[in-house]
Amino acid sequence: MNGAQRGARDGRAPDAASEEEAAHVDSGVTAAGRKVPPGGCGREAFHKLYAPGKDSVDLLLAFGLASEAHERSERDSRVVAVLAAWSACMEKSGYGGIRTPYDVVEEAGLADDKGGPRAVTAARADVACKSEVNLVGVRAAVEKAYQERLVEEHAETLALYGRQREARFRLAASVA
């Protein structure tokens, strides 16, 4: 049962952020004479594995921090400068108006011929320009610096995340 309740807002029963909170929330739904947990049985399983207490760290914390580091690095002046240098190099190679390596296929009109001779020529120019301006090295170094900064800023939460992840693995293994 998914916890749906007629007349409930958006057709959903009340929910809780953790198993601890769910213990104090009445879904108002019964099935076969038993109370359905807030959010339904699937949400109950989620709470048991991923959010047993109020201090549970979001399972996607590490992914979120990695994404944040990537986004910050994209706006960093060093990355902006190296992308401009790459773009200028590509222009000298006959591929003007391309701002980032992600735009090569579309901007060079290669969408229908990704493996043909024109695409191979464009790829060679792309790789040569990346090498010439050290795009990969600069980009990796800048993103790594942002990652390290975020790890330092969130060290305590990441340590808690690690402990909770191990506990989740043990719990999941015990139910399997």
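Me: In this predicted model, what angle do the axes of helix H4 (residues 77-92) and helix H6 (residues 117-133) make, and how far apart do they come?
Reply: The two axes come within 9 Å and cross at roughly 135°; an axis here is a line fitted to C-alpha atoms, for helices over the stretch in contact, and the angle runs from 0 to 180 degrees between N-to-C directions. Helices (H or I, at least four residues) and strands (E, at least two) are DSSP runs, numbered from the N terminus.

Me: Why are H4 and H6 called oblique to each other?
Reply: Angles under 35 degrees count as roughly parallel, over 145 as roughly antiparallel, 65 to 115 as roughly perpendicular, and the rest as oblique. The crossing of H4 and H6 is at roughly 135°, a value that falls in none of the three named ranges, so the pair is oblique.

Me: Which residues of H4 and H6 meet, and what makes them nonpolar, polar or charged?
Reply: From H4 come Val82, Ala85, Trp86, Cys89 and Met90, and they meet Ala122, Ala125, Asp126, Cys129, Lys130, Glu132 and Val133 of H6. The contact (heavy atoms within 4.5 Å) has nine nonpolar, no polar and three charged residues, because Ala, Val, Leu, Ile, Met, Phe, Trp, Tyr, Cys and Pro count as nonpolar, Asp, Glu, Lys and Arg as charged, and the others, Gly among them, as polar.

Me: How do you know that H3 (residues 61-75) and H7 are oblique?
Reply: Helix H3 and helix H7 pack at an angle of about 135°, with their axes 8 Å apart, and that angle belongs to the rest left over by the named ranges, so these two helices are oblique as well. On the H3 side the contact is made by Leu65, Ala66, Glu68, Ala69, His70, Arg72, Ser73 and Glu74, and on the H7 side by Arg139, Val142, Glu143, Tyr146, Gln147, Leu150 and Glu153. By class, these residues divide into six nonpolar, three polar and six charged.

Me: What makes H2 (residues 40-50) and H8 (residues 155-175) an oblique pair?
Reply: Helix H2 and helix H8 pack at an angle of about 130°, and their axes are 8 Å apart; set against the ranges for the other three words, this angle fits none of them, so oblique is the word that remains. Lys48, Leu49 and Tyr50 of H2 make the contact with Arg168, Leu171 and Ala172 of H8, and the residues divide into four nonpolar, no polar and two charged.

Me: Why is Ala32 called exposed?
Reply: A residue is buried under 20% relative accessible area, exposed over 50%, and partly exposed in between (1.4 Å probe, protein chains only). Ala32 has a relative accessible area of 85%, so Ala32 is exposed. Ala32 lies in the loop between strand E1 (30-31) and strand E2 (34-35), and Ala32 has a positive phi of about 55° although it is not a glycine.

Me: Why does Asn134 count as partly exposed?
Reply: Asn134 has 43% relative accessibility, a value between the two limits, so Asn134 counts as partly exposed. Asn134 is found in the loop between H6 and helix H7 (135-153), and its phi is near 60°, a positive value in a residue other than glycine.

Me: How do you know whether Gly96 and Tyr102 are buried, partly exposed or exposed?
Reply: Gly96 has a relative accessible area of 47% and is therefore partly exposed, whereas Tyr102, with 65%, is exposed. Gly96 lies in the loop between H4 and helix H5 (104-107), and Tyr102 is found in the loop between H4 and H5. Leaving aside neighbours within four places in sequence, Gly96 is in contact with Met90 and Glu91.

Me: What makes Val138 partly exposed?
Reply: Val138 has a relative accessible area of 23%, which is in between the limits for buried and exposed, so partly exposed is the right label. Val138 has its place in helix H7 and, neighbours within four places in sequence aside, is in contact with Arg78 and Val82. Val138 and Leu83 are 55 residues apart in sequence and 9.8 Å apart in space, C-alpha to C-alpha.

Me: How do you know how confident the predictor is?
Reply: The pLDDT, which is the predictor's confidence in each residue from 0 to 100, averages 88 for the protein, and 91% of the residues score at least 70. Over residues 1-8, however, pLDDT stays under 50. Residues are numbered from 1 along each chain as its sequence is written, and side-chain values use heavy atoms, with hydrogens and water left out. Because this is a predicted model, local features need pLDDT of at least 70 and side-chain atom pairs count only at pLDDT 80 or more, while totals for chains, interfaces and linings use all residues.
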